[in-house]
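This report looks at the spaces inside and at the surface of a protein, and at the ligand that goes with it. Please keep the sequence and the structure in view while reading.

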Amino acid sequence: MSDLASLEQRALTQLTASADEAALRDWHTQYFGKQGEILLAVKKVGEVPPAERRAYGQEANRIKECLTQAYEKALAAEHEKKLARDLQSDALDVTLPGRPARVGRLHVATRDMRRITAIFADMGFQVYRSREVEDDLTNFELLNMPPHHPARDMWDTFHTTTGGVLLRTHTSPGQIHIMRECCPKPIRVILPGMCYRYEAITTRSEIMFQQVEGLAVGEKVSMTDLKGTIIAFARRLFGKDRTVRIRSSYFPFTEPSIEVDMDCLVCAGKGCGLCKGTGWLEIMGAGMVHPIVLKNGGYDPSRTSGFAFGMGIQRISMLQYGIDDIRYFWANDLRFLSQF
Ligand code: PHE
């Protein structure tokens, strides 16, 4: 019993003398560790004569409890002291200006896509979202390109391992979906979205890029409507002095087909580096919807006509900002993206 009393005394004195958290932890190991003195003292109960055993055991447990509490109190007090010290030495000046949060932004492609859809919305075009995974039928056949038609070579295609399922090479298959949904009502929509082509990646071509397709179908829709729509669009996006020119072209799903150039932004037609001396920049392919395509969409080509156009909007952004490499768009380089 006297051993217990002196153990308690010694432990308490040493605890009060422990100056910091490390000393407290050492103390704890010394008394409560696996070989700790308290544990050993409790174990000793077996050596005590049976008559005193009960009293010894009770006293040993009381000391264990008491020292545990003293240790926890000392540790808590030490934490308080440390906090007070830290607050003193690391004083926080809440009147200093805060650090501004870094604000994100839209990707340049998203922003330009929204600008373009807003312009067409002003002209009464609704947005129709069409699927990116298409079937051969809709991407080609219903657009007047039967299997083995040589015009299919205009679009190098990613085929999936499921026969007849592919990634759309252009937004034009959306024409079929919207026509079949709306027939026989008139249509005035744009179809924006990602397209995929199995092409060599260069400064001018990527394997994925966004297009905006336009489609108007109804009675007496004419080439003049197409031209007026394109000019109005070009002027809204590129400035009121823009003019366009039309060259004849070929697409299987339009007849006649055209390609649309806009006078060069930089030199206004005189010829410069951007337009490679021609004075013109190509902005889209377009034409009058082919009678076979109208029929495939459910419309009667003898009573209904339509125009369609399609443009790659990364190319448009490149013209607008003088971006000389299309690969920047999906390269996730902040040095590029944060300029917009
Ligand atoms: N789909 C064509 C392309 O990707 C563009 C186009 C759309 C041409 C609509 C005419 C009419 O090249």
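In this predicted model, the largest cavity holds about 30 Å³ of space, and the count of cavities of 30 Å³ or more comes to 1. The residues that line the largest cavity are L4, L7, I38, A41, V42, A60 and I63. By class, this lining consists of 7 nonpolar residues, with no polar and no charged residues. Three helices, α1 (2-17), α3 (37-43) and α4 (50-89), each supply at least two residues of the lining of the largest cavity, and the largest share, 3 residues, comes from α3.

The largest pocket has a volume of about 1,100 Å³. Its lining is made up of 46 residues, and of these R204, E282, I283, G312 and R315 lie nearest the centre of the pocket. Strands β5 (208-218), β6 (244-251), β7 (254-263), β8 (280-289) and β9 (305-312), together with the helix α10 (313-321), each supply at least two residues of the lining of the largest pocket. Within that lining the largest share, 7 residues, belongs to β8.

What occupies the largest pocket? The space taken by the ligand is the largest pocket. Around the ligand there are 15 residues, of which H170, S172, R197, Q211 and E213 come nearest. To the shell around the ligand, β5, β8 and β9 each supply at least two residues, and here the largest share, 3 residues, comes from β9.

Polar contacts with the ligand involve, among others, the side chains of S172 and R197. A polar side-chain atom of S172 lies 2.8 Å from a nitrogen atom of the ligand, while for R197 a polar side-chain atom lies 3.0 Å from an oxygen atom of the ligand. In the side chain of W155, an N or O atom is 3.4 Å from an oxygen atom of the ligand. On its own the ligand has 320 Å² of accessible area, and the protein covers 93% of that area.

The residue classes of the three sets are set out below.

| Set of residues | Nonpolar | Polar | Charged |
|---|---|---|---|
| Lining of the largest cavity | 7 residues | no residues | no residues |
| Lining of the largest pocket | 21 residues | 15 residues | 10 residues |
| Shell around the ligand | 6 residues | 7 residues | 2 residues |

For the ligand, then, the picture is of a molecule whose space is the largest pocket, with a shell that includes 7 polar and 2 charged residues beside 6 nonpolar residues.

Key. Residues are numbered from 1 along each chain as its sequence is written. This is a predicted model: local features need pLDDT of at least 70, side-chain atom pairs count only at pLDDT 80 or more; totals for chains, interfaces and linings use all residues. Side-chain values use heavy atoms; hydrogens and water are left out. On a 1 Å grid over the protein atoms alone, a cavity is a set of points where a 1.4 Å probe fits but cannot get out, and a pocket is an open set with protein on both sides within 12 Å along at least five of seven lines; lining residues have an atom within 4 Å of a point. Grid points are joined across faces, edges and corners, and a volume is the space filled by probe spheres set on the points. Helices (H or I, at least four residues) and strands (E, at least two) are DSSP runs, numbered from the N terminus. Ala, Val, Leu, Ile, Met, Phe, Trp, Tyr, Cys and Pro count as nonpolar, Asp, Glu, Lys and Arg as charged, and the others, Gly among them, as polar. A residue is near a molecule or strand if one of its heavy atoms lies within 4 Å of it. A polar contact is a pair of N or O atoms within 3.5 Å; within protein, one must be able to donate a hydrogen and the other to accept it, and residues adjacent in sequence count only if both atoms are side-chain atoms. Accessible areas come from the Shrake-Rupley method with a 1.4 Å probe; for residues, only the protein chains shown count as cover. A molecule sits in a cavity or pocket if more than half of its atoms lie within 2 Å of its grid points.
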